[in-house]
2 protein chains.
Amino acid sequence: MLEIISRGETYGYEITQQLRQLGFTDVVEGTVYTITMRLEKNNLVDIEKKPSTIGPPRKFYTLNTAGKAHLENFWGKWAFVSSKVNELKNKRR
Amino acid sequence: MLEIISRGETYGYEITQQLRQLGFTDVVEGTVYTITMRLEKNNLVDIEKKPSTIGPPRKFYTLNTAGKAHLENFWGKWAFVSSKVNELKNKRR
DNA sequence: ACCGGTACTTAGTATTACATAATACCATAT
DNA sequence: ATATGGTATTATGTAATACTAAGTACCGGT
């Protein structure tokens with residue numbers, strides 16, 4: 001979700017749809033919501049509310065400096081963990 | 001941990017050491033223990049207690065049929081999730 | 001007036017992650 | 001004997017995370 005938000009401001013409902021398109025077909029809005037709430041709580045995002053012509057107002061998120069740092073930190077951890085897990089996988093019988 | 005156990009019977013303390021050697025340097029025994037407890041609770045392992053000459057008895061774990069199935073299921077999920085995450089990573093700016 | 005799609009929020013449970021500390025066994029050195 | 005250090009499991013508690021179901025509300029079209 002941090003990575004998705006990093007590509008440009010977006011909002012919960014749209015994030016849900018993007019995740020579903022990515023293949024996480026059974027992600028529901030509630031799941032995404034708890035994560036956006038966490039991002040807010042941890043001050044990793046800036047928030048802007050904008051009206052929509054086709055529904056209720058949208059709450060747009062963008063990564064702030066801390067959010068970007070957090071994302072970079074995540075990618076570092078991902079590189080480490082995924083390489084270790086793949087190492088295990090490749091040694092599998 | 002399922003993968004580590006799948007390579008041959010082993011016990012908590014040894015698993016901790018293996019994980020540390022793998023690079024997860026700050027894994028402590030308590031963390032491993034909660035996971036072995038979960039494996040027991042979910043009936044994914046067979047248990048055999050054997051004496052040790054250099055300390056208290058060891059509780060050896062081996063994967064049972066359900067455990068092996070669970071592991072295979074994990075590798076399937078891993079292939080999916082890691083490919084999706086890497087897809088995101090590679091599109092990163 | 002209702003319906004379906006859009007959109008956020010609430011509230012709750014179950015699981016997971018992790019740390020700290022306690023207990024106990026054994027060999028070796030003092 | 002006893003102190004110590006490595007080996008090994010167990011107990012207990014807290015915080016974070018994952019996930020679901022249901023509720024509220026806004027809007028356009030029939």
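User: Leaving aside neighbours within four places in sequence, which residues is Glu29(A) in contact with?
Analyst: Tyr13(A) and Thr16(A), once the neighbours within four places are set aside. Keep in mind that this is a predicted model.

User: OK, and where is Glu29(A) placed?
Analyst: Glu29(A) sits in helix H3 of chain A. The C-alpha atom of Tyr11(A), 18 residues apart from Glu29(A) along the chain, is 11 Å away from that of Glu29(A).

User: Why does Glu29(A) count as partly exposed?
Analyst: Because its relative accessibility is 45%, and the partly exposed class runs between the 20% and 50% cut-offs.

User: What does the Glu29(A) side chain have 2.9 Å away on DNA strand C?
Analyst: A base nitrogen of DNA strand C, with that distance running to an N or O atom of the Glu29(A) side chain.

User: Which residues are closest to strand C?
Analyst: Tyr13(A), Tyr33(A) and Arg58(A) from one chain, plus Arg38(B) and Thr53(B) from the other. They belong to a set of 19 residues surrounding DNA strand C. By class, that surface has 8 nonpolar, 7 polar and 4 charged residues.

User: How much of the strand C contact is sugar or phosphate?
Analyst: Among the atoms of DNA strand C within 4 Å of the protein, 67% are sugar or phosphate, and bases make up the rest. Two backbone examples: Gly12(A) has a backbone N or O atom 3.4 Å from a phosphate oxygen of strand C, and a polar backbone atom of Thr53(B) is 2.8 Å from a sugar or linking oxygen of strand C.

User: Switching to DNA strand D, how many residues surround that one?
Analyst: 20 residues surround DNA strand D, and the closest are Thr53(A), Tyr11(B), Tyr13(B), Glu29(B) and Arg58(B). Of the strand D atoms that come within 4 Å of the protein, sugar and phosphate account for 67%. The surface near strand D splits into 8 nonpolar, 7 polar and 5 charged residues.

User: Which helices and strands each supply at least two residues there?
Analyst: From chain A, H3 and E3; from chain B, helix H2 (12-22), H3, strand E2 (45-52) and E3.

User: What's 3.0 Å from the Arg38(A) side chain?
Analyst: A phosphate oxygen of DNA strand D, taken from an N or O atom of that side chain. Ser52(B) also has a side-chain N or O atom 3.3 Å from a phosphate oxygen of strand D. With Thr53(A), a backbone N or O atom is 2.8 Å from a sugar or linking oxygen of strand D.

User: On to the protein-protein side. How many residues of chain B are in contact with chain A?
Analyst: 23 residues of chain B, and they meet 23 residues of chain A. The buried area between the two chains is about 2200 Å², with carbon and sulfur atoms giving 66%. Of the area chain B buries against chain A, Arg7(B), Trp78(B) and Leu88(B) supply 27%, more than any other three residues.

User: Is Lys84(A) buried or exposed?
Analyst: Lys84(A) is buried, because its relative accessible area is 18% and the buried class is under 20%. Lys84(A) is part of helix H4 (residues 65-90) of chain A. Beyond residues up to four places away in sequence, Lys84(A) touches Leu22(B), Gly23(B) and Phe24(B).

User: Last one: which residues touch the most other members of the largest nonpolar core?
Analyst: Ile5(A), Leu19(A), Ile5(B) and Leu19(B), in a core of 36 residues. Take Ile5(B): setting aside residues up to four places away, its contacts include Ile15(B), Leu39(B), Val45(B) and Tyr61(B).

Technical notes: Residues are numbered from 1 along each chain as its sequence is written. Chains are lettered from A and ligands numbered from 1 in the order in which they are written. This is a predicted model: local features need pLDDT of at least 70, side-chain atom pairs count only at pLDDT 80 or more; totals for chains, interfaces and linings use all residues. Side-chain values use heavy atoms; hydrogens and water are left out. A nonpolar core is a set of buried Ala, Val, Leu, Ile, Met, Phe, Trp, Tyr and Cys residues joined through side-chain atoms within 4.5 Å. Buried means under 20% relative accessible area, exposed over 50%, partly exposed in between (1.4 Å probe, protein chains only). Contact means heavy atoms within 4.5 Å. A residue is near a molecule or strand if one of its heavy atoms lies within 4 Å of it. A polar contact is a pair of N or O atoms within 3.5 Å; within protein, one must be able to donate a hydrogen and the other to accept it, and residues adjacent in sequence count only if both atoms are side-chain atoms. Ala, Val, Leu, Ile, Met, Phe, Trp, Tyr, Cys and Pro count as nonpolar, Asp, Glu, Lys and Arg as charged, and the others, Gly among them, as polar. Buried area is the accessible area (1.4 Å probe) that two parts lose on being put together, summed over both. Helices (H or I, at least four residues) and strands (E, at least two) are DSSP runs, numbered from the N terminus.
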